[in-house]
Every structure is written in C-alpha cells, then in structure tokens.
Amino acid sequence: MTDSPQSAPGGPGPDDEPRPAGSAGERAGHTPPAASTPPAESAADQGAANRASDPGSAGAAPAAEPVPPTTPPPGAPPSGYGTPPPDYQGTGYQGTPPPGYQSTPPGYQETPPPGYQGTPPPGYQGGPPPGYQEAPPTGYYGAPGPGYQSPPYGPAAATPPTDTELNVGRALGFAWDRFRANPIPWISVTLLGFAAYLVVTVVVNVTRMNDLISVGLTALVAAVVLWLLQAAMLRGALYETDGTPPDFGAFFRFVNAGNVLITALIVGIASWVGAALCIVPAFAVGYLAMFSLHYVIDQDMDPISAIRSSVRLVISNVVPTLLLALTVAGLTLVGALLCGVGLLVAGPLTAIMVTYGYRVLSANAAA
C-alpha cells in the first residue's frame with residue numbers, strides 16, 4: 001500500500017481551497033494577505049484620538065482628578081430623595097409649597113400663647129364679640145350698667161343732686177329714698193337725741209332746780225347736746241346728698257365742733273330775743289339762718305361768715321326756700337302729733353331735705 005506524500009510546510013492542506021496566484025512579488029516574499037479593517041475615521045477625529053492616547057503629546061487633555069467624598073450640609077435631604085428645589089434651605093424649608101399644600105389640617109386651631117397679639121383675620125372689626133363681658137379688675141369702681149341693683153348687704157350710693165333750681169317735691173322724694181335705703185343709722189342718731197332729752201328732763205325733775213342759774217346751766221347743757229346732735233344729722237345728710245350712705249360713726253366726723261356751737265349759740269340767742277319781742281321775729285331768724293350750720297360743717301366757715309352766707313342764699317331764693325321751710329315745719333308738727341314716734345322719720349327727712357336744698361342752691365350760686 002503506497003502512502004501519499006506529506007504536504008509541504010506552508011502548502012495547502014488537503015481541505016484548503018486553491019488560492020489564486022498572486023503577483024510575483026507576493027509570491028517571492030511570502031507576505032500574508034492584510035486583514036479587513038473598518039472604514040477610516042476623519043483625519044481630525046483620528047488626530048484627537050492619537051493625542052488623547054499619547055500622554056507625552058502637547059495637545060493631550062489633562063486627566064480628571066478624583067473627587068473626594070463630601071458630607072451633606074445639615075438639613076440636607078438624605079440620599080435617595082431626589083434633588084431639592086432651587087430655594088431649598090435645609091431645616092426650616094422656606095421654598096414655595098406645591099399647589100394645594102396646607103400647613104395645618106382643616107379645622108385645626110392652635111391655642112395662642114399668653115399675650116398673643118397676632119394679625120387679626122380678614123374682616124376683623126375690633127372689639128369683643130356680641131355678648132362678651134369681661135370681669136372688671138379688683139378695685140374697679142366704674143359706673144354701674146343699666147339695671148344695676150345694689151347688693152343686699154348695704155345701701156346703694158345715691159346720685160348727687162344736679163337740679164338747676166330747688167323743687168320741694170323732688171327734695172322730699174330724694175330724702176325719703178335715702179332714708180328708706182339706710183334707715184338704721186338715722187334712727188339710731190335720732191334715738192340718741194331722744195335719750196339726751198330724757199336725761200336732761202329727769203335731772204331737772206329729780207333735783208328740783210328752782211334757782212335761775214341752775215335751770216339756765218341745765219338748759220345750756222341740753223342745748224349743747226341737741227346742737228351737736230343736729231350737727232351730726234347735718235353731717236350725715238351731707239354724706240347722703242354727696243352719694244355716700246353714712247354709717248353711725250360717719251355722723252360724728254366733723255372737726256369744727258367749736259364753730260358749730262358758737263354758730264348755734266348766736267342763732268339761738270337771736271331766736272330767743274325774737275321770741276321775747278314777738279313770735280314772728282323768732283321764725284324769721286330761724287328761716288334766714290337755716291343753712292348756717294351747713295356752711296360751717298361743709299365749708300369750714302367761721303360763725304359770722306356762715307350766718308351771712310346763709311342769709312344771702314335765702315334772700316336770693318325766697319320762694320323755694322320759704323316753701324322748703326314750711327314743708328319742714330309741717331313734717332315736724334305731724335311727727336310730734338304721732339306721740340313723738342313720728343319724729344323718728346320726720347327728723348331724718350327734714351335734715352336731708354334742707355341739706356338737699358343747700359346743695360342745689362349753693363351749687364347754682366357758685367356757677
């Protein structure tokens with residue numbers, strides 16, 4: 001069996017296809033055929049690529065430096081939450097909220113801190129809401145509102161008279177209202193006057209004074225007591241007309257008792273002299289001097305100035321003062337006819353009436 005000869009090195013193998021004969025130069029140098037390449041890029045792109053791949057070339061781009069890891073600023077959103085808006089400022093975001101954003105849920109009402117004075121809502125017109133009533137501070141003494149009624153533990157303060165002329169009917173109504181609102185102190189002072197009168201009467205009857213000096217001294221003591229009690233009642237009446245209901249101690253708060261006694265003594269002596277001459281002059285003296293003790297107690301005048309002021313005031317207002325004096329005399333007579341018990345009411349009423357007339361007429365004279 002005859003073997004086929006081996007192929008020469010570099011020769012075609014049994015399965016190789018026959019290659020076409022090339023040029024003489026290729027066959028002589030045994031140069032293998034060139035591999036297929038993609039189409040060449042443009043010259044500019046090729047040059048840029050060459051410069052980038054060659055670090056030593058003059059036109060090569062510098063290599064990018066590595067960026068160190070940075071710590072996010074305080075308040076920055078954590079990773080994974082996207083890029084914050086341009087006006088994001090970390091904690092306390094002050095950017096524009098998205099459409100439909102509401103900071104608080106509907107109906108939410110936060111209690112403001114004490115002393116809060118924020119901007120009022122639209123349409124606010126100031127002032128408390130209808131029906132709002134704020135409790136007054138401690139010690140508040142403002143004017144009472146409509147329908148105010150005094151508390152049951154004490155009388156209500158009276159409104160001082162503001163009449164431009166003296167009206168006897170209004171004076172009597174004012175006196176009755178004041179006495180009815182505060183009767184206990186008035187009755188107590190009147191009873192004290194009765195007690196002083198009874199003491200003097202008992203002393204005169206028990207001692208059986210027959211000499212003129214003893215009787216005169218006893219009468220003088222009784223007169224002093226009665227004058228001081230009259231001054232006390234006028235002091236209380238001045239409180240009433242000024243709007244302050246007095247208690248029992250307030251009746252004796254006058255410091256010019258000496259001028260009170262001297263004024264009363266002068267008026268008393270003049271009345272006794274007038275009574276000795278005729279009854280009419282005695283009434284005239286009492287009528288002209290009806291406001292003399294008021295001037296002493298209220299304005300601290302001396303006795304002569306007080307008597308002169310009373311005479312001028314009475315003469316300047318003859319008609320109203322005459323009606324006032326006649327009303328006072330009538331009430332006193334009626335009270336005495338009721339076994340003296342009526343004087344417990346007639347005494348306070350007449351004192352307040354005369355003082356009411358003094359306040360009205362003296363205020364008009366000073367205006």
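The legends below describe close-up views of a predicted model.

**Figure 1. The chain as a whole is built from helices and holds no strands.**
The protein has 11 helices and 0 strands. Read along the sequence, the elements follow the pattern α-α-α-α-α-α-α-α-α-α-α. The protein comprises 367 residues, and buried residues make up 25% of them. The views that follow take up the largest pocket, the salt bridges, the aromatic rings and one glycine.

**Figure 2. The largest pocket encloses about 1700 Å³ of space.**
Its lining consists of 40 residues, and the closest to the centre of the pocket are Trp227, Gln230, Val328, Thr332 and Thr350. Several helices contribute to this lining: α4 (183-207), α5 (212-241), α6 (257-277), α7 (279-288), α8 (292-299), α10 (318-337) and α11 (343-366) each supply at least two residues. The largest share, 7 residues, comes from α5. What classes of residue form the lining of the largest pocket? By class, the lining has 29 nonpolar residues, 11 polar residues and no charged residues.

**Figure 3. A salt bridge joins Arg180 and Asp177.**
Side chains of opposite charge can pair when their charged atoms come close. The count for this model comes to 3 salt bridges. In the one shown here, the side chains of Arg180 and Asp177 meet at 3.4 Å, N to O. Both residues belong to helix α3 (residues 168-181), where they stand 3 residues apart, about one turn of the helix. Is Arg180 buried or exposed? Arg180 counts as exposed, because its relative accessibility of 54% is over 50%. Asp177, by contrast, has a relative accessible area of 34% and is partly exposed.

**Figure 4. Asp242, Asp298 and Arg359 are linked in a network of salt bridges.**
Arg359 forms a salt bridge with Asp242, and the closest N and O atoms of this pair are 2.9 Å apart. Arg359 lies in helix α11 and Asp242 in the loop between α5 and α6, so this pair ties together parts that are 117 residues apart in sequence. Arg359 also forms a salt bridge with Asp298, with the closest N and O atoms 2.8 Å apart. Since Asp298 lies in helix α8 and Arg359 in helix α11, the second pair ties together parts that are 61 residues apart in sequence. Which class of accessibility does Arg359 fall into, buried or exposed? Arg359 counts as buried, because its relative accessibility of 17% is under 20%. Asp242 counts as partly exposed at 37% relative accessibility, and Asp298 counts as partly exposed at 27%.

**Figure 5. Trp186 and Phe251 form an edge-to-face aromatic pair.**
A pair of aromatic rings is described by the distance of the centres and the angle of the planes. The structure holds 6 aromatic pairs. For Trp186 and Phe251, the distance is 4.9 Å centre to centre, with 90 degrees between the planes. The pair links distant parts of the chain, as Trp186 lies in helix α4 and Phe251 in the loop between α5 and α6, 65 residues apart. Both Trp186 and Phe251 are buried.

**Figure 6. Ring pairs link Phe291, Tyr295 and Tyr358 into a cluster.**
Within this cluster, the rings of Phe291 and Tyr358 have their centres 6.3 Å apart and their planes at 40 degrees, so the pair is tilted. Phe291 lies in the loop between α7 and α8, whereas Tyr358 lies in helix α11; the pair therefore ties together parts that are 67 residues apart in sequence. Both Phe291 and Tyr358 are buried.

**Figure 7. Arg235 lies over the face of the Tyr239 ring.**
The distance of Arg235 from the ring centre of Tyr239 is 4.4 Å.

**Figure 8. Gly249 lies in the loop between α5 and α6.**
At 39% relative accessibility, Gly249 counts as partly exposed. How far apart in space are Gly249 and Ala232? The two residues are 17 residues apart in sequence, and their C-alpha atoms are 9.6 Å apart in space.

Terms used:
Residues are numbered from 1 along each chain as its sequence is written. This is a predicted model: local features need pLDDT of at least 70, side-chain atom pairs count only at pLDDT 80 or more; totals for chains, interfaces and linings use all residues. Side-chain values use heavy atoms; hydrogens and water are left out. On a 1 Å grid over the protein atoms alone, a cavity is a set of points where a 1.4 Å probe fits but cannot get out, and a pocket is an open set with protein on both sides within 12 Å along at least five of seven lines; lining residues have an atom within 4 Å of a point. Grid points are joined across faces, edges and corners, and a volume is the space filled by probe spheres set on the points. Helices (H or I, at least four residues) and strands (E, at least two) are DSSP runs, numbered from the N terminus. Ala, Val, Leu, Ile, Met, Phe, Trp, Tyr, Cys and Pro count as nonpolar, Asp, Glu, Lys and Arg as charged, and the others, Gly among them, as polar. A salt bridge is a side-chain nitrogen of Lys or Arg within 4 Å of a carboxyl oxygen of Asp or Glu. Buried means under 20% relative accessible area, exposed over 50%, partly exposed in between (1.4 Å probe, protein chains only). Rings of Phe, Tyr and Trp (its six-membered ring) pair if their centres lie within 6.5 Å; planes under 30 degrees apart count as stacked, over 60 as edge-to-face and the rest as tilted. A charge sits over a ring if NZ of Lys or CZ of Arg is within 6 Å of the ring centre and within 35 degrees of the ring normal.
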